[in-house]
Amino acid sequence: MIPEIGHFALILALCVALVQGILPIYGAAVGNSALMSVAKPAARTQFLLVLTAFGCLAYAFADKDFSVLYVAATSNSQLPLHYRLAAIWGAHEGSLLLWTFILTIWMFAVTLFSTHLPDAMRSRILGVMGLVSVGFLLFMLSVSNPFERLIPAAPEGRDLNPLLQDPGMVIHPPMLYMGYVGFSVAFAFALAALLGGNLDAAWARWSRPWTTVAWCFLTVGIAMGSGWAYYELGWGGWWFWDPVENASFMPWLAGTALVHSLAVTDKRGGFKVWTVLLAIMAFSLSLLGTFLVRSGVLTSVHAFATDPKRGLFILAFLAIVIGGSLALYAWRAPKVGLGGSFAMLSREGMLLANNVLLVAAMGSVLLGTLYPLFLDALDLGKISVGPPYFDSVFVPLMVPALFLMGIGPLAQWKKASVPDLAKRLKWAFGVSLVSALTLPIVLGSWTPLLSLGLLLAIWIVTTSAIGLRERLAHVNGNSLVERLASVPRSYWGMLVAHCGIAVFIVGVTMVKGFETEKDVRMNVGETASIGDYTFRFDGTQDVVGPNYTAARGTFHVSQDGRETTVLYPEKRRYPVQNQVMTEAAIDPGLLRDLYVSLGEPIDDGAWSVRLYHKPFIDWIWGGCFIMALGGALAISDRRYRLAWRKQEPAVPVPTRAARRKVA
Amino acid sequence: MKWVMLIILCLSGPAWAGEARPLADDPAAEARLKHLAVELRCLVCQNQTLADSNAPLAEDLRREVREMIAKNMSDQEIIEFLVARYGDFVLYRPPLKATTTVLWVGPFVLMAIGATALVITLRRRSRTVVEVSVTDEEHRRVEQLLAEGEKRS
Amino acid sequence: MNRFLLPLSIFVVVVGFLGIGLTLNPREIPSPLVGKAAPEFSQPQLHEQEKILSPADLKGKVWLLNFWASWCNGCKTEHPVLMDLAKSGQVPIYGMDYKDQREEALTWLQRGGNPYSLVGVDETGRVGINYGVYGVPETYVIDKQGVIRYKQIGPLYPDTVEKKILPLVKQLESQ
């Protein structure tokens with residue numbers, strides 16, 4: 001009964017979505033406010049309906065209802081509750097429902113926080129989002145129904161893939177989708193602006209907080225995915241340039257470019273047309289990612305089970321949504337006026353150079369991901385494009401962008417002076433260069449890449465410090481704390497986010513430069529050492545989990561003679577799918593991770609064991625979280641809080657520095 | 001004699017924490033294997049490198065590569081051996097040939113196109129957008145307004 | 001061309017490729033050995049272990065080399081097709097027992113029937129590697145000069161035999 005309610009709720013949601021997609025946009029075009037006012041209640045109703053459907057599916061999982069085909073395929077009676085619920089998004093149909101549910105969450109949020117928008121704009125935004133959800137609901141109801149029944153009901157479920165039975169599974173997909181799907185808001189804003197023909201700076205101002213929030217979620221989502229792969233897969237890798245990883249990284253790159261481009265359009269009114277195109281691109285890449293993962297067009301470890309019908313449907317959907325929006329762009333964008341002009345060497349110029357580099361990087365990831373498909377389609381052979389390609393191509397494109405990251409925030413708007421910038425930056429450059437060249441030697445090994453990474457990280461931090469110091473000089477206040485507090489949060493946001501990248505770069509550079517790995521065979525009582533650390537293997541014992549049996553090893557770790565920790569890696573067997581899995585044991589630390597992974601049992605209690613020492617690896621994800629924190633700080637800026645409280649248009653508060661410049 | 005046996009037995013029991021042996025018989029060769037295998041694709045578990053995959057074919061191929069290393073074949077020769085049998089698909093680093101020129105050159109071409117487009121657009125724009133300069137009168141008016149605003153806030 | 005149409009045009013091209021991509025199989029690895037000489041091997045036979053199976057002995061005729069194993073499910077699927085093909089006598093099929101146990105291979109052939117003129121044993125999988133085998137079953141069509149002309153990845157189905165294998169064999173026979 002409950003699954004049927006869920007199914008019916010989806011059908012109703014489709015009807016509401018159709019209404020929401022068509023009437024308000026038409027109403028805005030002809031100026032009919034009755035039709036326009038349909039948008040808000042329609043969006044909220046859709047949210048409630050999809051919430052109901054989601055709840056019904058959750059109930060079916062919680063209740064172990066194996067008469068629902070999807071539940072039988074991805075769950076099991078011995079699966080613990082939290083994983084049964086996470087299994088909702090464990091395969092194709094359920095993850096689509098999650099996609100749609102999160103889309104309705106964003107729609108609902110738009111209805112809450114859009115009272116300051118003109119009616120026509122709001123109607124168009126909700127209308128566009130409604131049209132997108134029509135596509136997903138139609139997709140689910142036609143070829144991917146999560147509520148399809150299995151008659152007769154299966155006596156037992158096929159279980160969730162053991163690799164997914166992990167806390168990471170509970171949180172990574174929802175975070176990722178919040179980001180991915182969140183770009184639909186920026187997309188809807190862009191299309192609304194094109195439809196309405198009004199692409200003034202206000203559009204950018206309204207769009208910014210939505211884009212930044214989505215970007216924060218996506219950053220966290222990707223970081224979590226990477227961290228999860230690190231500890232779950234058992235061989236210590238954290239990024240493989242796998243097509244599905246790339247599918248989430250491309251919207252991130254476009255989104256980062258968009259966040260910067262919106263800043264230019266908001267503050268200076270410049271490059272509106274380019275920002276609109278970026279907004280369309282970011283969400284288009286999200287949709288493309290959805291296609292790539294589910295169509296079977298590329299092999300990936302993350303790919304869902306594929307079906308050509310599904311692939312065709314999504315491709316058609318993609319063609320309509322993206323093709324339609326790019327056609328709208330081609331039609332309307334030429335009519336948008338030009339913004340203010342600025343010199344090539346100016347903050348705007350540098351932000352746009354940042355955009356060019358980020359978009360080129362995104363383009364290369366796309367090229368590398370799709371290239372095997374291109375060649376195969378043209379019958380020119382089958383190749384693989386993997387990490388060696390992406391690493392060789394991505395790094396050279398990003399290095400200039402990272403370098404510019406130090407200069408951009410210090411450059412003046414409209415026209416920057418080179419001698420002035422050189423004077424302010426020469427100290428930072430000197431310090432960065434010297435430290436970058438000498439630190440690796442101090443740490444024990446020198447390679448050009450190591451130095452380059454450290455150079456960029458230190459450069460970003462020193463230039464941020466200079467920027468902050470200059471900013472503080474222009475702010476009134478009696479104490480340092482008072483002065484720091486009066487620097488606007490949007491500035492802190494930028495600073496923190498940029499430093500987050502520096503932290504990330506340090507993590508990547510140090511891990512790649514200094515990580516060590518040891519493959520040993522260990523008898524009980526034997527030790528192995530990496531650097532200062534000694535690992536003693538104290539045998540294994542058999543352990544029984546809720547739905548698995550395992551051999552759990554015990555490793556005592558000591559540093560310079562003192563015992564520091566005990567690690568318990570496991571080799572698990574999940575009987576339902578008869579899969580064996582390695583559960584690595586990690587001792588995380590600020591400066592290093594120790595990672596132990598059991599290989600295979602060899603005769604008389606000995607095991608093959610892999611030991612890793614990974615310095616600074618937690619800085620990789622730490623850096624990502626700091627970046628997201630920066631984004632969160634930026635959104636909590638006073639002007640947005642004031643706007644929210646007063647429900648007024650957000651107007652930037654002029655700073656004293658700006659006033660002094662006018663004089 | 002019994003004495004000596006006893007001592008030897010005591011010394012060789014599990015109470016003595018010995019240093020674990022490396023898994024591989026020849027760590028130097030193993031290091032070379034790893035260096036090669038991380039850039040090779042497992043043909044069965046196609047989303048893992050030859051180094052990480054546990055598929056039987058992967059183990060067989062690693063064994064082959066070890067033998068080739070023992071025969072002192074160069075990296076290039078080992079790669080050619082595998083490509084002759086499995087095609088370019090087995091390489092994670094796409095070889096530079098006529099069909100992959102676009103792949104390797106593309107990103108830098110994109111960057112160049114982007115940079116050129118940026119420069120051209122900015123130059124064109126600075127010619128078409130008319131600069132409106134602010135007169136002294138307008139400057140004074142702005143100052144006045146700001147001063148009033150400060151008084152109020 | 002209006003530069004605003006550029007994004008749309010690029011997108012249309014990409015969609016075209018993605019559409020074609022839906023008809024392709026990204027996991028299939030075509031063999032670089034098609035058109036090249038069949039790699040030499042000299043393996044003991046399954047039934048008469050003192051005797052050797054080698055492609056050199058088979059020069060002058062068109063033949064199929066089928067890699068199979070008793071533990072392989074796809075081989076069970078294609079077995080009836082091989083039996084029919086063998087009975088028709090249109091082309092001899094030689095088997096290569098890939099990474100298998102002798103007892104189990106013999107039992108398997110006894111139960112299901114033996115479509116092979118001779119069966120070689122590839123215990124270590126080395127012959128398979130030389131032929132670019134990455135799964136079983138896989139079948140090669142080899143011509144009179146000992147050159148590989150076609151590789152079938154996965155089980156042979158009746159319509160593949162009818163539409164691809166037999167016409168090719170006929171063509172090679174007449175050369």
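## A cysteine in helix α3

Let's start inside chain A, where C56(A) sits in helix α3, the stretch covering residues 39-62. This is a predicted model, so everything here is a reading of a prediction. C56(A) has 24 C-beta neighbours inside 10 Å, and because 20 or more is the mark for being buried, C56(A) counts as buried.

Who does C56(A) touch? Setting aside residues within four places in sequence, its contacts are I2(A), P3(A), I5(A), G6(A) and A9(A). V365(A) is another matter: it lies 309 residues away along the chain from C56(A), and their C-alpha atoms are 39 Å apart.

## A phenylalanine in helix α14

V365(A) turns up again when we look at F390(A), a residue of helix α14 (residues 387-407) in chain A. Here 25 residues of chain separate F390(A) from V365(A), and the C-alpha atoms are 7.0 Å apart. V365(A) is also one of the contacts of F390(A), along with W241(A) and G368(A), once neighbours within four places in sequence are left out.

Is F390(A) buried or exposed? It is buried, since 22 other C-beta atoms lie within 10 Å.

## How the chains divide up

Chain A is split into three pieces: domain 1 (1-165), domain 2 (417-508 + 624-650) and domain 3 (516-616). Domain 2 of chain A is written as two segments, 417-508 and 624-650. Measure from centre to centre over C-alpha atoms, and domain 1 of chain A is 41 Å from domain 2 of chain A.

Chain B has a domain 1 (23-90) and a domain 2 (98-152). The C-alpha centres of these two domains of chain B are 52 Å apart.

## A sheet with strands from A and B

Now for a sheet that brings in both chains. It is open, with 5 strands in the order β8(A)-β9(A)-β10(A)-β1(A)-β1(B), and the pairing is antiparallel. Which strands stand at the edges? They are β8 (585-587) of chain A and β1 (21-22) of chain B; each has a single partner strand, so one side of each has no neighbour in the sheet.

Strand β1 of chain A (residues 516-522) is joined to β10 of chain A (residues 607-615) by 7 bridges, and K518(A) stands opposite L611(A) in that pairing. β1(A) is also joined to β1(B), by 2 bridges, and these strands run antiparallel. There, R521(A) faces R21(B).

## Where chain B meets its partners

Between chains A and B, the contact draws on 39 residues from chain B and 48 residues from chain A. On the chain B side, β1, α5 (101-128) and α6 (136-152) each give at least two residues. The largest share comes from α5(B), with 12 residues. By class, this side of chain B has 21 nonpolar, 9 polar and 9 charged residues.

Chain B also touches chain C, in a contact of 12 residues from chain B and 10 residues from chain C. For this one, α3 (56-70) and α4 (75-86) are the elements of chain B that give two or more residues, and α3(B) has the largest share, 4 residues. The chain B residues here divide into 7 nonpolar, 2 polar and 3 charged.

## How sure is the predictor?

For the complex, the predictor gives an ipTM of 0.89 and a pTM of 0.90. Chain C has a mean pLDDT of 92, with 99% of its residues at 70 or more. As a rule, predicted coordinates should not be read in detail where pLDDT is low.

Definitions and conventions:
Residues are numbered from 1 along each chain as its sequence is written. Chains are lettered from A and ligands numbered from 1 in the order in which they are written. This is a predicted model: local features need pLDDT of at least 70, side-chain atom pairs count only at pLDDT 80 or more; totals for chains, interfaces and linings use all residues. pLDDT is the predictor's confidence in each residue, from 0 to 100. Two strands pair if DSSP finds at least two bridges between them. Domain bounds come from an automatic or database domain assignment. Two residues are in contact if their C-beta atoms, placed from the backbone, lie within 7 Å. Ala, Val, Leu, Ile, Met, Phe, Trp, Tyr, Cys and Pro count as nonpolar, Asp, Glu, Lys and Arg as charged, and the others, Gly among them, as polar. A residue is buried if 20 or more other C-beta atoms lie within 10 Å of its own, exposed if 12 or fewer, and partly exposed in between; C-beta atoms are placed from the backbone.
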